[in-house]
Amino acid sequence: RDPDQAPESIAGMFQFLLPLVNRSAAVVQSVQTGIGVSYDWENEQVSLAMDRKNRNWFYHHMMDKVIVPTSVPSTDEPLVQMLERGVNAADVGCGCGASTVARAKRFPKSQFYAYESSPSSLQVLQQRIVDYNLTNVTVCDVAVRRLGDGPNPTSSSSDEDNTFSFVYAHDVIHDMPHPREFFDQVRKRLDKTSGCWIIVDVPCHPDLARNIHQPGAPLWFGYSWQRYNLDLG
């Protein structure tokens, strides 16, 4: 069976191995200096492996397991109904955009803003937008456009046109150097009356002592240390 069509495929994890081994010396140096290794260090192999690991879940599971069961906390409106009606939505740390594309295709009346710092990932997303002829996706390179700018950075208004009704952050909070600042920015831009924010992330504890003993800790800490600085403020 083609692993790219199998919902439970972990082929992307194996695709990680060689690129991560090749940059191991750089990661050791980054731990010593406190300066992280670029996500796109030397080539795009890590971003492509990450996309391959996650995209089947986005295509086959995200809608039924996350989007469909969710209701807006303040209004109890089904999230699906809100997205079908058409709202501004942010996909934070979207990578190559598989999650963005899946939702943009499913909810053509909503406008999706895809935030990412990896140039190689953004290139893949741009090509997917062309391939699927999507007109409701705005690519946001966080080096020049931040979540705090809102959907319309040139607008000084505070109405719904400059807020997000839906924010999605998948497997990215644990990689952020300043997550509290990111939380503040989301709160400022999330619609105060009918906003919905979903975080999908690895299970972890609030302190290092307990996190370091988790079975996946060597992979998670080693990998996070080389993530690009996703400062979306």
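This is a short conversation about a predicted model.

Colleague: Why is Arg-55 called buried?

Modeller: Buried means under 20% relative accessible area. Arg-55 is at 17%, so Arg-55 counts as buried. Asp-51, at 8%, counts as buried too.

Colleague: What makes Arg-55 and Asp-51 a salt bridge?

Modeller: The rule asks for a side-chain nitrogen of Lys or Arg within 4 Å of a carboxyl oxygen of Asp or Glu. For Arg-55 and Asp-51 the closest N and O atoms are 2.8 Å apart, so the pair meets the rule.

Colleague: Where do Arg-55 and Asp-51 lie with respect to each other?

Modeller: Both are in helix α3, residues 45-60. They are four residues apart, so about one helical turn separates them. In general, an α-helix has 3.6 residues a turn, so residues three or four places apart point the same way.

Colleague: How do you know that Arg-85 is partly exposed?

Modeller: Partly exposed lies between the 20% and 50% limits. Arg-85 has a relative accessible area of 48%, so Arg-85 falls in that range. Its salt-bridge partner is Glu-77, with the closest N and O atoms 2.4 Å apart. Glu-77 counts as buried, at 14%.

Colleague: What makes Glu-84 and Arg-106 a link between distant parts of the chain?

Modeller: They form a salt bridge, with the closest N and O atoms 3.2 Å apart. Glu-84 sits in helix α5 (residues 79-85), Arg-106 in helix α6, and they are 22 residues apart. Glu-84 counts as partly exposed at 38%; Arg-106 does so at 36%.

Colleague: Which residues are joined into one network by salt bridges that share partners?

Modeller: Asp-51, Arg-55 and Arg-128. By the salt-bridge rule, the count comes to seven.

Colleague: Why is helix α6 called largely enclosed?

Modeller: Seven of its nine residues, 98-106, are buried, so the rest of the structure largely encloses α6. Among the buried ones are Ala-98, Thr-100, Val-101 and Arg-103.

Colleague: What makes β3 and β5 edge strands?

Modeller: The open sheet has five strands in the order β3-β2-β1-β4-β5, with parallel pairing. Strands β3 (137-141) and β5 (196-200) each pair on one side only. The twist averages 15° from one strand to the next.

Colleague: How do you know that β1 and β2 pair?

Modeller: Pairing needs at least two bridges. Strands β1 (residues 88-92) and β2 (residues 111-116) have five, in the parallel sense, so they qualify. Val-92 stands opposite Tyr-115 in β2.

Colleague: Which strands does α6 touch?

Modeller: β1, β2, β3 and β4. The direction of α6 makes about 180° with that of β2. Helix α8 (residues 179-189) lies across β1, β4 and β5, at about 155° to β5.

Conventions: Residues are numbered from 1 along each chain as its sequence is written. This is a predicted model: local features need pLDDT of at least 70, side-chain atom pairs count only at pLDDT 80 or more; totals for chains, interfaces and linings use all residues. Side-chain values use heavy atoms; hydrogens and water are left out. Buried means under 20% relative accessible area, exposed over 50%, partly exposed in between (1.4 Å probe, protein chains only). Helices (H or I, at least four residues) and strands (E, at least two) are DSSP runs, numbered from the N terminus. Axes are lines fitted to C-alpha atoms, for helices over the stretch in contact, and angles run from 0 to 180 degrees between N-to-C directions. Contact means heavy atoms within 4.5 Å.
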